[in-house]
Each structure stands twice: as C-alpha cells, then as structure tokens.
Amino acid sequence: MIRYANKDDIEIISKYDEHISIEELENVIKMKRLIVMFNEDKFIGWLRFNLFWDNTPFMNMLYFLDNERGKGYGRQLVSFWEKEMKNKGYECVLTSTQSNEEAQFFYRKLGYIDSGSLLLPNEPLEIIFYKKI
C-alpha cells in the first residue's frame, strides 16, 4: 500500500530519517509532501519531496529499510509519486544523489537524465537528475 503520510507515521519515520527535524516532518506531512509505503501492514519505506524554485517537484529522499531493498519497491514508489505530480499539473520532476552512491544508476534506469551538478566543500559531487513526466 502506498499513501500520503499522516501524523501517525511521524514516530516510525523519525526513527530512520535523521535529515529532518520533527517540526519540519510535521510540516511536510501537513503539506502532503511525504509518501509512505507498506507491505501488507509492515512499514517498509518513504519518499519525501519539496518544490525546487517553488514550482518543480524535487524528490529529497527515497528510503527503504535495509531488508526491503532490491525488491522493486523503489520503482513502485517513484512511479506513484511521478503520477501524482503529473496529475497535479507538473511537467517534470527532479532529484539528486551523490556521485559515490549507487542510487544514480537506479534513477537513470527510471529515465532520469543527468542535468547538472553541485559541488560543496568536502562533499562528493551531487548529481542533479531531471525527468519529463
């Protein structure tokens, strides 16, 4: 099951997502910018997004519990998100990953195109990906 997160999901997500404060997590949930995925009744992962330039959906995080990776769930969750964004009238989506992470290959398989990069001090290159939906 894939659905938008609600306040009941805060505890489980905050257990794994160290990149966002509880306060901001609550805001993201209120704005319907966090989607959760369950296998039967078991929580397995989430997708969190925002709007880049306030007008382009940008996937901030796609995360699955360790024992749930490699099962095709990522493809399903990203597809759900892309359809939701298209239904809201958006024509494209963005995401990024560091150049030393395997996720870059996953996004390319899903049709995302390298479209730029960001280099911050003492960090690996951040690759920006674009996809027309």
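The exercises below, each with a worked solution, concern a predicted model.

**Exercise 1. Describe the sheet, giving its strand order and its edges.**

Begin with the order, which in this open sheet of seven strands is β1-β2-β3-β4-β5-β7-β6, with mixed pairing. Turn next to the edges, where β1 (2-4) and β6 (113-118) each pair on one side only. For the relative orientation, take the average over neighbouring strands of this sheet, which are turned by 30 degrees against each other when direction is ignored. Finally, look at one pair in detail: β2 and β3 run antiparallel and are joined by six bridges, and Val36 stands opposite Trp46 in β3.

**Exercise 2. Locate α3 relative to the strands, and find what α3 supplies to the largest nonpolar core.**

First place the helix, which lies across β1, β2, β3, β4, β5 (92-98) and β7 and runs at about 160 degrees to β4. Then consider the largest nonpolar core, which has 20 residues, of which Leu47, Met59, Trp81, Met85 and Tyr112 touch the most other members. At least two residues of this core come from each of β2 (34-39), β3 (42-52), β4 (56-64), α3 (73-87) and β7 (126-132), and the largest share, five residues, is that of α3. As a last step, follow the contacts of Met85, which, when residues up to four places away in sequence are not counted, touches Tyr4, Phe49, Pro57, Tyr90, Val93 and Ile133.

**Exercise 3. Determine whether Gly74 is buried or exposed, and list its contacts beyond the sequence neighbourhood.**

Start from the element, since Gly74 has its place in helix α3. Its relative accessible area is 12%, and because buried means under 20%, Gly74 counts as buried. Leaving out residues up to four places away in sequence, one finds that Gly74 touches Leu62, Phe64 and Phe106. A further check is the C-alpha to C-alpha distance from Gly74 to Leu47, which is 9.0 Å although the two residues are 27 residues apart in sequence.

**Exercise 4. Characterise the largest pocket by its volume and its lining.**

The volume comes first, and for the largest pocket it is about 910 Å³. The lining comprises 28 residues, of which Met61, Leu62, Tyr63, Ala103 and Tyr107 are the closest to the centre of the pocket. Assigning the lining to elements, one finds that β4, α3, β5 and α4 (103-109) give two or more residues, and that β4 gives the most, with seven residues.

Note on methods: Residues numbered from 1 in each chain as written. Predicted model: local features only at pLDDT ≥ 70, side-chain atom pairs only at ≥ 80, totals over all residues. Heavy atoms only, no water. Core = buried A, V, L, I, M, F, W, Y, C linked by side-chain atoms within 4.5 Å. Buried < 20%, exposed > 50% of the residue type's maximum accessible area, 1.4 Å probe, protein only. Helix = DSSP H or I, 4+ residues; strand = E, 2+ residues; numbered from the N terminus. Contact = heavy atoms within 4.5 Å. Pairing = 2+ DSSP bridges. Axes fitted to C-alpha atoms, helices over the stretch in contact; angles between N-to-C directions. 1 Å grid on protein atoms, 1.4 Å probe; cavity = no way out; pocket = protein on both sides within 12 Å on 5 of 7 lines; lining within 4 Å. Points joined across faces, edges and corners; volume = space filled by probe spheres on them.
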